[in-house]
Amino acid sequence: MTTATTVFGAGAWGLTLAELLTSKGVPVTVWDIDARRLDHLRATGDPGKPPGLKLPSTISYEPDLKKAVGESKFLVSVVPSFAVRSLCGQLRDAIGGLDGRIFVSCSKGIEEETLLLASDIVTEHFGADAVNRMAGLSGPSHAEEVCRRVPTVVVSASPNHETAVEVQNHFMLPTFRIYTQSDLRGVEVGGALKNVIAIA
């Protein structure tokens with residue numbers, strides 16, 4: 001299994017992370033439920049948002065989820081929170097368990113019907129030990145700043161310190177600094193509630 005990465009979700013943040021990793025020489029494949037968007041990105045390299053982001057031709061785009069995963073070690077979920085369950089179900093059908101892979105959750109939110117966090121949904125699909133192969137990558141970040149290399153700090157949170165460090169090393173850049181911590185649920189709750197608190 002290589003250090004290649006599959007990013008699930010071709011929105012502004014997913015594509016920003018894809019470009020960030022590609023700038024480090026990491027092989028990246030982007031999957032999205034919208035095959036036409038992937039065709040557009042493949043043809044133009046222009047996502048529209050965030051402004052100024054130009055995607056290198058070295059990024060691969062694959063609408064078939066199993067092919068998109070391939071031999072990737074890092075599976076980065078940047079789908080909306082309501083789509084995490086569907087993504088996990090499709091992943092389980094496609095690859096079975098996580099095995100030596102690491103699931104990186106960048107999806108912020110709480111599932112409306114069940115009030116479950118992404119880590120709860122991952123363990124439902126891949127077993128209780130899967131949380132040790134999972135990290136939440138989150139923090140006060142904006143795609144339009146990160147893609148312009150504005151200095152940004154986020155955290156890699158996992159109950160397994162080795163997993164947190166692997167994700168830290170995989171994503172770290174001089175302008176994208178990552179700290180590690182063990183409170184995955186705290187990070188998930190903070191990410192889900194921050195806008196509610198800000199509005200209040």
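**Cavities and a helix pair**

User: How do the residues lining the second largest cavity divide by class?

Analyst: This is a predicted model, with local features needing pLDDT of at least 70, side-chain atom pairs 80 or more, and totals for chains, interfaces and linings using all residues. Numbering runs from 1 along each chain as its sequence is written, and side-chain values use heavy atoms, without hydrogens or water. A cavity is a set of points on a 1 Å grid where a 1.4 Å probe fits but cannot get out; lining residues have an atom within 4 Å of a point. The lining divides into 6 nonpolar (Ala, Val, Leu, Ile, Met, Phe, Trp, Tyr, Cys, Pro), 3 polar (the others, Gly among them) and 1 charged (Asp, Glu, Lys, Arg).

User: How much space lies in the largest cavity?

Analyst: The whole structure has 2 cavities of 30 Å³ or more. Ser-105, Ser-107, Lys-108, Ser-138 and Glu-188 are the closest to the centre of the largest cavity, among 13 lining residues. Its volume, the space filled by probe spheres set on the joined grid points, is about 100 Å³.

User: Are H4 and H5 roughly parallel or roughly antiparallel?

Analyst: Helix H4 spans residues 84–95 and helix H5 residues 118–126 (DSSP runs of H or I, at least four residues). Their axes, fitted to C-alpha atoms, lie 10 Å apart at about 25°, on a scale of 0 to 180 degrees between N-to-C directions. Angles under 35 degrees count as roughly parallel, over 145 as roughly antiparallel. H4 and H5 are therefore roughly parallel.

User: Which H5 residues does H4 meet?

Analyst: Contact means heavy atoms within 4.5 Å. H4 supplies Val-84, Arg-85, Cys-88, Gly-89, Leu-91 and Arg-92. In H5 they meet Ala-118, Ile-121, Val-122, Glu-124, His-125 and Phe-126.

Terms used: 1 Å grid on protein atoms, 1.4 Å probe; cavity = no way out; pocket = protein on both sides within 12 Å on 5 of 7 lines; lining within 4 Å. Helix = DSSP H or I, 4+ residues; strand = E, 2+ residues; numbered from the N terminus. Parallel < 35°, antiparallel > 145°, perpendicular 65-115°, else oblique.
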